[in-house]
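Work through the exercises below with the coordinates open, and try each task before reading its solution.

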Amino acid sequence: MDPRSLRVLEYPAVLDLLAGQTACSLGREKALSAHPHTQRRDVDRALRETSEALVLMGGAGIPLGGVTDVRSLVARAGADGVLEPLDLLSVGTVLFAAKRLRGVLSAKPDDLPLMSDLGAQISDLSHIAQSIERSISLDGEVKDGASDLLAQLRNSKRGKMRHIQELLQRILNSSRTRDLLQEPVITVRNDRYCLSVKAEKRREFGGLVHDASASGQTLFMEPASVVEAGNELREIEAHERTEVQRILRVLSRSIGAESRRILATVDVLAEVDYISARAHLADMWHGVVPDLLDKPGVEMYGARHPLLFWQAIEKRRAGETAKEPRDQVVPIDPQLGLEFRSVIITGPNTGGKTVTLKTVGLMVLLAQTGIPIPCDTARIGIFKHVFADIGDEQSLQQSLSTFSGHIRNIVEILKSADASTLVLLDEIGAGTDPAEGAALAKAILLALSETGASVMATTHYAELKEFAWNREGFQNASVEFDVETLKPTYRLRLGVPGASNALTIAGRLGMPESVLERARGNLGSDRLALESAIARMEESERASRRATIEAERKVKELEAQRRHVEEELSEAKDKRKAATEAAYEEALAFVRTAREEAAEVLRTLRELGEETRETDAARKRLQQLETVARQKRVKPRRKPTHRIETESAPQPGDSVWVPSLGGIGVLVEVRRDEATVQAGALRLTADYATLQKVADEAAPAKSEPVRRSSSSIALEAASTISPEVHLRHMRAEEAFVVLDKYMDSARLAGLHTIRIVHGKGGGILRDMAHRYLKDQPDVRSFRLGSPEEGGHGVTIAELA
């Protein structure tokens, strides 16, 4: 890529923003040295890396805490150097961070293959980090436990220090030396324990002088009785220093022995930090990953200049505006290199022509760097060269005019342009005689077109509008100008050349009509016809846009009305459900009370043991309670599908409808208020009051009561149960209840294979489902689904 063009398109400014999103200097270094890729496979990989990083950011995140640049330290250790304790701690912290990051990146190899591959390149050298952690404290001191010898030496050192302090304390407490001391304190001078002695009492005190006060009146002396103990302390400290140095050397050598793997790991950490920064930047400006085309070209909708978008973000952060950043920047829909290879943009000054060129160029560069771009949708082909001649390139040192500077740049562009080149030219042919400038501009555009390059150029020359209309592969475009407000709208319009609004603007600003009429006469009939045709096209487009906006408004109104109706319907359903549930709970409470009273009645009967008026009353009371319970209890949602006989109560041997099963069984026996029912291989206890006798035509044959009733129940269940259950978007506790209930229904329906849809996500629902299936004795096996069955978001279970 041409360095001057990168600078003109402000690519380095975006790299500065990218560097600001990194976690450490390693990633920052990579961000600032980033460059656009020119091979499709490299661009595709970079964009997929960023996409996977965005997925990680939305989940567990990318843990880069503790990552620092330790390359120089590792290199020193590799050269047999000895690292200081704090340096060792830095290396250890990075190795621990590397292990943590490796675990996160490698967690989902199927979903995030590129990040998983990077994770696999991170060496697990945590054993070195653990050795450092055991030996070095957080404040950079070698721990006593770093070696047995060091622990012994430090114990001896502490004991010797206590002994010396005890000796000095005795001297301080002695009446013989009290008058010899300047003040009764123990101090340290030159690593020796001393007392402050009056200068004139030096000989009388006795000992070694290690320091004196500024006035000379106080000497800091080590008493003679302590000198030997002090020498022994110094000897212990020397051995301690030797052992500490040995420990540091051993730890440094362990780093040096693995220096190549550590440096390779640090390089991967830098790459991950760089990829993470791309994802953070894309997330901030709502970037999308463009589809890659097989040939060079650009098709973007809702494209917003990245730096203008960033300025909008900063304004929102600073509280200067309440508008969303995307609403502060006018979007454009540029196209180039697909249906046409050259676009000529006309329009007023400060109308957005140059911003359009920079937006297209910068978006291409960022996409080829692996950074999702701020637009709604995009398709981009790979350009091997991007050239931009934008702005005043006048060089005062070379005494080149503005025109000369532009021509020098275009000459270099013509030398390199080919079919894989994007060329952006601002005000082509400007800075010289208009007639010659327009002629030269046409020739340059034709020459670039012959190379196959994709060209986008801006101009004020009316001749180029006609030129683009009459040439295959060329397309007119313009930036819109509102003649009512006399302000540009910055919108790009493809297929519509920009009208010259000079006379219109002059008229609105008060220019006399006679002057304007004379000016129109000077233009000539052909030019007036062209401008009139362009004006009609602009008005037609404005009318079309107004109609589109009105249609979109009506669609939004209808959508809002639809949502309102749906919300009201949902609210009504919720209220009905709540009322039904409340009634059901009330009925259950009533039945429980009835059962308790019935039990009391039966107990009374057993106690009496004979027929009396009391027993007769008790029986009647029980019958009343059973009748009221039948009437009061809310019927279950599942209704009988066979004709129910209501004239007589069910007796053993009768076919009965069992509401709790939602199917038919055979009544085996009745004990008090409980009934035993046989439903196929299933024998269950049900509330006798809930059973309903089935009419004869629906009853199973007497010869095969069990098999027929089992089939009936299975068919009833199978007619309503799906072979799959959906658990996605549920909490684990809620999903467990749904799965457990579904398994009961699946067993009753006789299903042999079920499909549990739990989604991929973080794997919580999948793990819960697998634990549940392991505990079910009738589950023969289960497995994750194949790609055709739904992949890892689905579990297939085989039932006995």
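Two exercises follow, one on a helix and one on aromatic rings. The model is predicted, so that local features need pLDDT of at least 70 and side-chain atom pairs count only at pLDDT 80 or more, while totals for chains, interfaces and linings use all residues. Residues are numbered from 1 along each chain as its sequence is written, and side-chain values use heavy atoms, with hydrogens and water left out.

**Exercise 1.** Compare the expected span of helix α4 (residues 40-57) with the distance between its end C-alpha atoms.

Solution. Helices here are DSSP runs of H or I with at least four residues, numbered from the N terminus. The expected span is 1.5 Å times one less than the number of residues. For the 18 residues of α4 this gives 26 Å, and the end C-alpha atoms are 26 Å apart, which agrees. Among the buried residues of α4 (buried: under 20% relative accessible area, 1.4 Å probe, protein chains only) are Val43, Leu47 and Leu56.

**Exercise 2.** Find the aromatic pairs in the whole structure and classify their geometry.

Solution. Rings of Phe, Tyr and Trp (its six-membered ring) pair if their centres lie within 6.5 Å, and planes over 60 degrees apart count as edge-to-face. The search finds 2 pairs. Phenylalanine 467 and phenylalanine 474 have ring centres 5.2 Å apart and planes at 75°, so this pair is edge-to-face. Phenylalanine 467 is buried at 5% relative accessibility, and phenylalanine 474 is buried at 8%. Phenylalanine 736 and tyrosine 772 are also edge-to-face, at 5.5 Å centre to centre and 85° between the planes. This pair links helix α25 (residues 732-749) with helix α26 (residues 764-774), its members being 36 residues apart.

Note on methods
Helix = DSSP H or I, 4+ residues; strand = E, 2+ residues; numbered from the N terminus. Buried < 20%, exposed > 50% of the residue type's maximum accessible area, 1.4 Å probe, protein only. Phe/Tyr/Trp six-rings, centres within 6.5 Å; stacked < 30°, edge-to-face > 60°.
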